[in-house]
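Please load the model in your viewer and keep the selection box handy. We will go from one stop to the next, with something to select at each.

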Amino acid sequence: MKIAVFAGDGIGPEVTREAVRVLEALDLPGLVLFEGDVGGIAYKRHGHPLPAETLEIARSCDAILFGAVGDPDCDNLERHLRPEQAILGLRKELGLFANLRPAKVFAGLEDASALRPEVASKIDLLIVRELNGDVYFGEKGIRILPDGRRQGWDMMSYAEDEVRRIAHVGFRAAMGRGKKLCSVDKANVLETSQVWRDVMIEVAKDYPEVELSHMYVDNAAMQLVRNPGQFDVVVTGNLFGDILSDQASMCVGSIGLLASASLSDGKMGLYEPIHGSAPDIAGKGLANPMATILSAAMLLRHSLGLEAQAARIEAAVAKTLADGIRGGDLGGSHGTAAIGDAVLERL
Ligand SMILES: NC(=O)C1=CN([C@@H]2O[C@H](COP(=O)(O)OP(=O)(O)OC[C@H]3O[C@@H](n4cnc5c(N)ncnc54)[C@H](O)[C@@H]3O)[C@@H](O)[C@H]2O)C=CC1
Ligand SMILES: CC(C)CC(=O)C(=O)O
Ligand SMILES: [Mg+2]
């Protein structure tokens, strides 16, 4: 079992360290970890945010545990050299098109939600976000208009096959959960979304037991706050899924809690918290490592088939929260390492 560990920038190394401690504590036979540079740190050391040797490590491993990338020092670099290209590059190079972002309220954490406890307590949803297409990977540029104004442009598109494969991921997930799938788009305005919606309707015929609904993304953002309990599986594109999942994190309490799996057709996957490098708290030991620890659990489940060990980690995190151990993001005072210690004690 080979796991690549790409800690990255900002709080990335801090939260990844705790997740690695948890993985190591499980004493998994044959587990070997391989570290690699990604993001701003990789740019500073190797001149590129995703060096060839890092990509090679990624390709040779069964799964990747990823921290976060992003460094304000690098914000003025040419776009292809910016830290964020590391995660975009890994997603594209490895064909990781399906991003699973579960959001569920942990018992005892209802009061930490930005929503009223009786609204928050009903949340148990899965955002299935397409991760290889959309405006993130379209042609883009900055051009000078004839009248001298600068104009930025980014091409949004989805081809039918790109929608079809993520639709199947969403419907299969719904079959294993509450059999409800809400497809989120902006088909009232965007042709990209019209194709998206047409394909969702077509694929739904293969899953007659799943109840398909459609929602415009602006309404979805509102419904996520008004009545998040109505959602089971939400399938959406790259941009909308990025935004809605950050929003969902505050509905369950904190962005420091939301884990994710980025999957391809095979078992290979990349696992990361949904948050970024949080430069505002980096280096202070304040970051909540739970999202990364829970991402490690997803890694064991999806890439290594170790369901019992994944459940063990999730139970330890749930117990830690139930015992009142909370980081600053949840109104508590526990630091990154103390939260890691507490999870390890409950493993
Ligand atoms: N997959 C990745 O590597 C991602 C990278 N980024 C990058 O991260 C950098 C910062 O982006 P932001 O927009 O500030 O988003 P962010 O997610 O890094 O931070 C947003 C806010 O949430 C807080 N926060 C995030 N994670 C936390 C944790 N584990 N515990 C406690 N508080 C936490 C931060 O302190 C900040 O106030 C940028 O360079 C951005 O491009 C952003 C999202 C994903
Ligand atoms: C940093 C971006 C490339 C993506 C992002 O915000 C995310 O995947 O959540
Ligand atoms: Mg994001």
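## Two domains

The centres of domain 1 and domain 2, taken over C-alpha atoms, are separated by 24 Å. Bear in mind throughout that this is a predicted model. To colour the two parts, select 1–96 together with 264–347 for domain 1, then 110–252 for domain 2, as the domain assignment of the chain gives them. Where they touch, domain 1 contributes 8 residues and domain 2 contributes 8 residues. On the side of domain 1 that touches domain 2, you will find 4 nonpolar, 2 polar and 2 charged residues.

## Helix 1 and helix 12

Next, select residues 12–25, which form helix 1, and residues 336–345, which form helix 12. How far apart are their axes, and at what angle do these helices pack? The axes lie 10 Å apart, and the packing angle is about 15 degrees. That angle makes helix 1 roughly parallel to helix 12, since angles under 35 degrees count as such. The crossing in which helix 1 passes helix 12 is right-handed.

Show the side chains at this contact. From helix 1, pick Glu-14, Val-15, Glu-18, Arg-21, Val-22 and Ala-25; from helix 12, pick Thr-336, Ala-337, Ile-339, Gly-340, Val-343 and Leu-344. Coloured by class, the contact of helix 1 with helix 12 splits into 7 nonpolar, 2 polar and 3 charged residues.

## Helix 1 and helix 10

Keep helix 1 on screen and add residues 290–302, which are helix 10. Here the axes come within 8 Å and cross at roughly 40 degrees. Helix 1 and helix 10 are therefore oblique to each other. Once again the view to look for is a right-handed crossing, this time of helix 1 past helix 10.

On helix 1, the residues making this contact are Val-15, Thr-16, Glu-18, Ala-19, Val-22 and Leu-23, and on helix 10 they are Thr-292, Ile-293, Ser-295 and Ala-296. By class, the contact of helix 1 with helix 10 holds 6 nonpolar, 3 polar and 1 charged residues.

## Helix 10 and helix 11

Now hide helix 1 and bring in helix 11, residues 307–322. The axes of helix 10 and helix 11 come within 7 Å and cross at roughly 165 degrees. That makes helix 10 roughly antiparallel to helix 11. What is the handedness of this crossing? Helix 10 passes helix 11 in a left-handed manner.

For the contact, highlight Met-290, Ile-293, Leu-294, Ala-296, Ala-297, Met-298, Leu-300 and Arg-301 in helix 10, which meet Glu-307, Gln-309, Ala-310, Ile-313, Glu-314 and Val-317 in helix 11. The class count for the contact of helix 10 with helix 11 is 10 nonpolar, 1 polar and 3 charged residues.

## The two ligands

Time to turn to the ligands. Select ligand 1 and display its shell: 22 residues surround it, and the closest are Gly-70, Gly-256, His-275, Gly-276 and Ala-278. By class, the shell around ligand 1 divides into 11 nonpolar, 7 polar and 4 charged residues.

For the last stop, move to ligand 2. Which residues surround ligand 2? Glu-84, Ile-87, Leu-88, Asp-242, Ile-274 and Gly-276 do. Leave Gly-276 highlighted, as it is also listed among the closest residues to ligand 1. Then select residues 84–93, helix 4, which gives the largest share of the shell around ligand 2, with 3 residues. Coloured by class, the shell around ligand 2 shows 3 nonpolar, 1 polar and 2 charged residues.

How values were computed. Residues numbered from 1 in each chain as written. Chains lettered and ligands numbered in written order. Predicted model: local features only at pLDDT ≥ 70, side-chain atom pairs only at ≥ 80, totals over all residues. Near = placed C-beta within 6 Å. Nonpolar A, V, L, I, M, F, W, Y, C, P; charged D, E, K, R; others polar. Axes fitted to C-alpha atoms, helices over the stretch in contact; angles between N-to-C directions. Helix = DSSP H or I, 4+ residues; strand = E, 2+ residues; numbered from the N terminus. Parallel < 35°, antiparallel > 145°, perpendicular 65-115°, else oblique. Left-handed = near helix turned anticlockwise from the far one by under 90°. Contact = placed C-beta atoms within 7 Å. Domains from an automatic or database assignment.
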